[in-house]
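Me: I'm new to reading protein models, and I'd like a close look at one part of this one. Could you walk me through it step by step and then place it in the whole?

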Amino acid sequence: MTAKAPRVAYIMSRFPKLTETFVLDEMLAMQSQGVTVEVFPLWRESARLMHAEASAMVSRAHFLPTLNTTIVAANFFWLRRHPQIYLATLFVLIRANWRSMRFLLGALAVFPKACSFARKMRALGVDHVHAHFASHPAAAAYVIGRLAEIPWSFTAHGSDLHREQAMLREKVEAADFVIAISEYNRRFIIERVGTACADKVRKLHCGVERSRFTRTPTQAPQAEGNDAPGIICIGTLHAVKGQKFLLLACGRLRSLGYRFRCHLVGDGEDRRALETLAEDLKIANDVVFHGAIERERVQEVLSSVQIAAAPSVPTADGRREGIPVALMEAAACGLPLVASRLSGIPELVRDEETGLLVDAFDDAALAQALARLLEKPQERQRLGDAARELLSMSFDLQRNVASLRSMMFAPDCA
């Protein structure tokens, strides 16, 4: 390595994506630690809303359409220069993804663009490539690593890993290292690719900057003009997030006479069904659908509530949460956490220590846990304090990004 600032290229499926603040925050933290960050999204997100911090990244991101003359020229370049590697790489993408139509079509769509990225990254002097998500972004990084001979790695999160594992073995074997965002994910990967790769699969939690978030007084209810305690659930309105079971639990709470205000932050395909369910349960006046909002507004809502819930569930098509960053943000506010006993969530929500865990799909148990915290302000305070303390130890953004940086680059770059 030379004395110049190390340069990393980030690959993600879509950018800028409002719900993937963890990718944006990691890149910003990497920049703050002296690394030049290049952004190579596979597709440009048509975002109605965008976090203010993403603007600078968007303005210099390397967006490409699915196909243009630049992409065609790059493919001819690699085919002429390294025909065996080019064709062998394409063959691996087809062979390894053959049994998954979704992954196969994605790999074939990504391959030409990844060839163009490889040429551009070589010209930019990129020292390392890091992909977020074990699916198409990791496949693109695999192609770039083979063609441009740039070291690469990827982070495996939730549904990108658990829904399907096509080509997972090839990706792990070829990568310099693999980041699992939880111990659960680390074991999951090793079980599927074999112990020979165990040393390169490393647990590293996502993180948040605690200073961004205002400490919430969990003992005194103060929810937006309503003296009832507030419950917040942040995430895309999709089955995997389990908002249906939170509403069912809220229906139970209302029937028992509890007063509360449930805040659903996020938007998605299930919104209308959830609104209908709230009406059917006669809790529509107790539920606020905020829709998709920028992080400043999210922080305002977080500072107005007393409990954070993440009733995640595995879905029929294999989707599964990792560790929701929304829970980390709630912990940064000192909120007690109520969540499903699922995948890596217990690594943040330690039952009876930083929050309460319930079985997925069990709205009765979820209602019981919420009722306990609604009744006991001191319990909310105890769990919230512990959640904030655990966050500072294991989910600190700058510290965890520093660890990732040290994996990417030689010690003399640190």
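Me: Let's begin at V8: which residue of strand 3 stands opposite V8, and what is built around that pair?

Reply: Happy to! Keep in mind that this is a predicted model. The residue facing V8 in strand 3 is H128. That pair belongs to a longer match: strand 1, residues 7-15, and strand 3, residues 128-132, run parallel and are joined by four bridges. Helix 1, which covers residues 21-32, packs on the sheet here and touches strand 1, strand 2 and strand 3. The direction of helix 1 makes about 165° with that of strand 1.

Now step back to see the sheet around this pair. It is open, has six strands in the order 2-1-3-4-5-6, and its pairing is parallel. At the edges you find strand 2 (36-44) and strand 6 (201-203), each pairing on one side only. From one strand to the next, the twist averages 25°. If you wonder what holds such neighbours together in general, strands of a sheet pair through backbone hydrogen bonds.

Follow the order along to strand 5. Strand 4, residues 152-156, runs parallel to strand 5 and is joined to it by four bridges; T155 has I179 of strand 5 as its bridge partner. On the next step, strand 5 and strand 6 pair in the parallel sense over three bridges, and V178 is matched with V201 in strand 6. Between these two strands the chain passes through helix 9, residues 183-193, in a right-handed β-α-β crossover.

Is strand 5 covered on one face or both? Both: F177 and I179 are buried on one side, and V178 and A180 are buried on the other. Helix 16, residues 397-408, lies across strand 5 (177-180) as well as strand 1, strand 3 and strand 6. This helix runs at about 165° to strand 5.

A small detail sits just after strand 1. F15 and P16 are joined by a cis peptide bond, with omega about 0°. P16 is in the loop between strand 1 and helix 1, so you can find it by walking along the chain from V8 towards that helix.

Helix 1 also leads us to another part of the chain. Helix 1 is among the elements that cover the buried residues of helix 12, and these elements also include strand 7 (230-234), strand 8 (261-265), strand 9 (287-291) and helix 13 (325-332). Which residues of helix 12 are buried? In helix 12, residues 295-302, they are R295, V298, Q299, V301 and L302. They lie on the same side of helix 12 because they cover an arc of only 160° around its axis.

Helix 12 rests on a second sheet, so let's look there too. This open sheet also has six strands, in the order 9-8-7-10-11-12, with parallel pairing. Strand 9 and strand 12 (355-358) are at its edges with a single partner strand each, so one side of each has no neighbour in the sheet. On average, neighbouring strands are turned by 20° against each other, direction ignored. Within this sheet, strand 7 and strand 8 are parallel and share five bridges, and I232 stands opposite H263 in strand 8. Helix 12 touches strand 7, strand 8 and strand 9, and its direction makes about 150° with that of strand 7. Helix 13 packs on the sheet as well, touching strand 7, strand 10 (307-310) and strand 11 (337-340).

One residue to click on here is D286, in the loop between helix 11 (271-280) and strand 9. D286 counts as buried because its relative accessible area is 11%, under the 20% cut-off. Apart from neighbours within four places in sequence, D286 is in contact with R254, F260, R261 and C262.

Finally, the whole chain. There are 16 helices and 12 strands in it. Its radius of gyration is 22 Å, close to the 22 Å that the globule rule gives for 414 residues, so the chain is as compact as a globular protein of that length. Of the 414 residues, 57% are buried.

Note on methods:
Residues numbered from 1 in each chain as written. Predicted model: local features only at pLDDT ≥ 70, side-chain atom pairs only at ≥ 80, totals over all residues. Heavy atoms only, no water. Pairing = 2+ DSSP bridges. Axes fitted to C-alpha atoms, helices over the stretch in contact; angles between N-to-C directions. Contact = heavy atoms within 4.5 Å. Buried < 20%, exposed > 50% of the residue type's maximum accessible area, 1.4 Å probe, protein only. Arc of directions from axis to C-beta. Right-handed = clockwise from strand over helix to strand, strands pointing away. Rg over C-alpha atoms; globule rule 2.2 N^0.38 Å.
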